[in-house]
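Work through the following exercises with the sequence and the structure side by side. Each one sets a task and then gives a solution that goes step by step.

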Amino acid sequence: MSRANHVLTLSCINRPGIVSAVSTYLFETGCNINQAHQFDDTETGRFFMRVVFDRVASEPSHTALEDGFQTIANRFGMDWRMSDPAARRRVMILVSKFDHCLADLLYRWRIEELPMDIAAIVANHPRDTYAHHDFDGIPFHYLPVTRDTKLEQEHALWELVQSTESDVVVLARYMQVLSEGLAAKLAGRCINIHHSFLPGFKGAKPYHQAHARGVKVIGATAHYVTGDLDEGPIIAQDVERVTHADFPEDLIRKGRDIERRVLARALSYHLEDRVILNGRKTVVFDT
């Protein structure tokens, strides 16, 4: 009989006995450890761990495992999460005019590369902008935004996040800046993608700016959204070399490819509980 994997992630101040306590608890509750990765951040003194395990017997239930682990978590002052393999995350995708990241996420969702349920697609452009996409019954919401209606639109967006029970919000080239208040509500569960020239080459036509400066490397960055614009904890990055023979259009085309794969990688890491926040940084157990 095949058994689904549970994932336990935790962080706390480092001290002796953490690994022993975790492994002993899982053994005594009839669980089998499949993978275990850990990291000791000697700069901050914090310890991080990700454990993949399954239950050998039908009991205890996932809820009982969580309840029992709380005693250990309290003893060590842990920030922790134990994911239920039967519970797929509900993901809301926000998009503007550029839809290459949206198309990529939809494809990866359809082939089950990304184990998630898409709760909704929200755009600040009308539905016919994406007429060439098959949303396959996914609810679509058009929330136009102007400077005068931004607060009203954000209120509607937050209500959608709540009503759709979205666990994760993905800004798939959503070209609107979230307010500090909304970013705080979505802390640790809102992922953004952008080119990695920042803080250089801000504003319009960044690839044209990069071409004018003769850059030799372009890339993309996926990070958690915070109140500091484009400065949240980084989840994933990638780069690609370019040459003097590349025109701005070549940089844009290559940039789209990098953005697609970096956003998908970051979302996959999040869905698989591979990312643990570490202040302004992240610990990513990517193996």
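**Exercise 1.** Decide whether Arg173 is buried or exposed in this predicted model, and describe its surroundings.

*Solution.* Begin with the accessibility: the relative accessible area of Arg173 is 15%, and because the cut-off for a buried residue is under 20%, Arg173 counts as buried. Next, place the residue in the fold, where Arg173 belongs to the loop between β8 (168–171) and α5 (180–185). Then list its neighbours, leaving aside residues up to four places away in sequence: Arg173 touches Val95, Ser96, Phe98, His100, Cys101, Ile193 and Glu259. With one of these, Glu259, the Arg173 side chain makes a polar contact, side chain to side chain, at 3.0 Å.

**Exercise 2.** Locate the residue that carries the "active site" annotation in UniProt, and classify its exposure.

*Solution.* According to the UniProt record, which is an unreviewed entry, the annotation "active site" covers Asp230. In the model, Asp230 sits in the loop between β10 (217–224) and β11. Its relative accessible area is 27%, so Asp230 is partly exposed.

**Exercise 3.** Examine three of the salt bridges, asking for each pair how exposed its residues are and which parts of the chain they come from.

*Solution.* The structure holds 18 salt bridges.

- Take Asp117 and Arg88, whose closest N and O atoms are 3.1 Å apart. Asp117 lies in strand β6 (residues 116–123), while Arg88 is in the loop between β4 (79–83) and β5 (89–95), so this salt bridge ties together parts that are 29 residues apart in sequence. Both partners are partly exposed, Asp117 at 30% relative accessibility and Arg88 at 31%.
- Turn to Arg108 and Glu113, which meet through their side chains at 2.5 Å, N to O. Here Arg108 is buried, with a relative accessible area of 17%, whereas Glu113 is partly exposed at 39%.
- Finally, consider Asp238 and Arg261, joined by a salt bridge of 2.9 Å, N to O. Since Asp238 lies in strand β11 (residues 234–241) and Arg261 in helix α7, the pair ties together parts that are 23 residues apart in sequence. Salt bridges that share partners extend this pair into one network of Asp238, Glu240, Arg261 and Arg265. Within that network, Arg261 is partly exposed, with a relative accessible area of 27%.

**Exercise 4.** Explain why the buried residues of helix α6 line one face of the helix, and name the elements they pack against.

*Solution.* First identify the residues: in α6 (residues 206–213), Pro206, Tyr207 and Ala210 are buried. Looking down the helix axis, the buried residues fall within an arc of 95°, and therefore they line one face of α6. The elements that they pack against are β9 (190–195), β10 and α7. Just after the helix, Gly214 takes a positive phi of about 70°.

**Exercise 5.** Describe the nonpolar cores, beginning with the residues that touch the most other members of the largest one.

*Solution.* The largest nonpolar core contains 43 residues, and of these Leu105, Ile191 and Leu267 touch the most other members. Helix α7 (residues 248–271) supplies the largest share of this core, namely nine residues. Apart from it lies another core of 20 residues, including Leu26, Ile72, Met78 and Met82. As a general background to this step, nonpolar side chains tend to be buried together in soluble globular proteins.

How values were computed
Residues numbered from 1 in each chain as written. Predicted model: local features only at pLDDT ≥ 70, side-chain atom pairs only at ≥ 80, totals over all residues. Heavy atoms only, no water. Helix = DSSP H or I, 4+ residues; strand = E, 2+ residues; numbered from the N terminus. Buried < 20%, exposed > 50% of the residue type's maximum accessible area, 1.4 Å probe, protein only. Polar contact = N/O pair within 3.5 Å; in protein donor to acceptor, adjacent residues only side chain to side chain. Contact = heavy atoms within 4.5 Å. Core = buried A, V, L, I, M, F, W, Y, C linked by side-chain atoms within 4.5 Å. Salt bridge = Lys/Arg side-chain N within 4 Å of Asp/Glu carboxyl O. UniProt positions renumbered as here; feature names shortened; annotations may be inferred. Arc of directions from axis to C-beta.
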